[in-house]
Amino acid sequence: MCLFATILAGQEVKKLKLTPETVAWGYYSATAKPAMRIQSGDTLEIETCSGNPDRLLAMGVPADQIPAALR
């Protein structure tokens, strides 16, 4: 087995979705409950967004391109 395959053997790819429970507007608190825990070596894909839905609409972003979870 090659070294690369050995390194990847125990790793996971985890996805953190954009939801009302995982969004923090304007602050990051050290006392907030973690949205997810990962292990060293895991890969994390994070779904992000910048701006609130009203501002995005006002800037001309089509409503169908604004994630439902953000609305």
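**A walk through the fold, starting at the pocket**

The largest pocket holds about 530 Å³ of space. The model that contains this pocket is a predicted one. Twenty residues, written 20 in the count, line the largest pocket. Nearest to its centre lie Thr22, Val23, Ala24, Tyr28 and Ala35. What kinds of residue make up the lining of the largest pocket? Nonpolar residues number 13, polar residues three and charged residues four.

Now step back to the chain as a whole. The protein chain has 71 residues, and 11% of them are buried. Its secondary structure amounts to two helices and two strands. Read from the N terminus, the order of the elements is α-β-β-α. Contacts also reach along the chain. Take those between residues at least 6 apart in sequence: 57% of them join residues at least 24 apart.

The two strands come next. Strand E1 covers residues 13-16, and strand E2 covers residues 43-46. In which sense do E1 and E2 pair? They pair in the parallel sense, over four bridges. Within this pairing, Lys14 of E1 stands opposite Leu44 in E2. Strand E1 also has two faces. Lys14 and Leu16 form the covered face. Val13 and Lys15 form the uncovered face.

Lys15, on that uncovered face, has a partner in E2. Lys15 forms a salt bridge with Glu45. The closest N and O atoms of the pair are 3.9 Å apart. Lys15 belongs to strand E1 and Glu45 to strand E2, so the pair ties together parts that are 30 residues apart in sequence. The count of salt bridges comes to one. Is Glu45 buried, partly exposed or exposed? Glu45 is partly exposed, because its relative accessible area is 40%, and the partly exposed class runs between 20% and 50%.

Between E1 and E2 lies a loop, and two of its residues deserve a look. One of them is Asp42. Asp42 counts as buried, because its relative accessibility is 14% and the buried class is under 20%. Which distance separates the C-alpha atoms of Asp42 and Gln11? The distance is 4.9 Å, although Asp42 and Gln11 are 31 residues apart along the chain.

The other is Leu18, also placed in the loop between E1 and E2. Leu18 is buried, with a relative accessible area of 8%. The C-alpha atoms of Leu18 and Glu47 are separated by 5.4 Å. Along the chain, these two residues are 29 residues apart. Which residues does Leu18 touch, leaving aside those up to four places away in sequence? Leu18 touches Val23, Glu47, Cys49, Pro67, Ala69 and Leu70. Glu47 thus appears both in the C-alpha pair with Leu18 and among the residues that Leu18 touches. Val23, another residue touched by Leu18, leads back to the start: Val23 is one of the residues nearest the centre of the largest pocket.

Conventions. Residues are numbered from 1 along each chain as its sequence is written. This is a predicted model: local features need pLDDT of at least 70, side-chain atom pairs count only at pLDDT 80 or more; totals for chains, interfaces and linings use all residues. Side-chain values use heavy atoms; hydrogens and water are left out. On a 1 Å grid over the protein atoms alone, a cavity is a set of points where a 1.4 Å probe fits but cannot get out, and a pocket is an open set with protein on both sides within 12 Å along at least five of seven lines; lining residues have an atom within 4 Å of a point. Grid points are joined across faces, edges and corners, and a volume is the space filled by probe spheres set on the points. Ala, Val, Leu, Ile, Met, Phe, Trp, Tyr, Cys and Pro count as nonpolar, Asp, Glu, Lys and Arg as charged, and the others, Gly among them, as polar. Buried means under 20% relative accessible area, exposed over 50%, partly exposed in between (1.4 Å probe, protein chains only). Two strands pair if DSSP finds at least two bridges between them. A salt bridge is a side-chain nitrogen of Lys or Arg within 4 Å of a carboxyl oxygen of Asp or Glu. Contact means heavy atoms within 4.5 Å.
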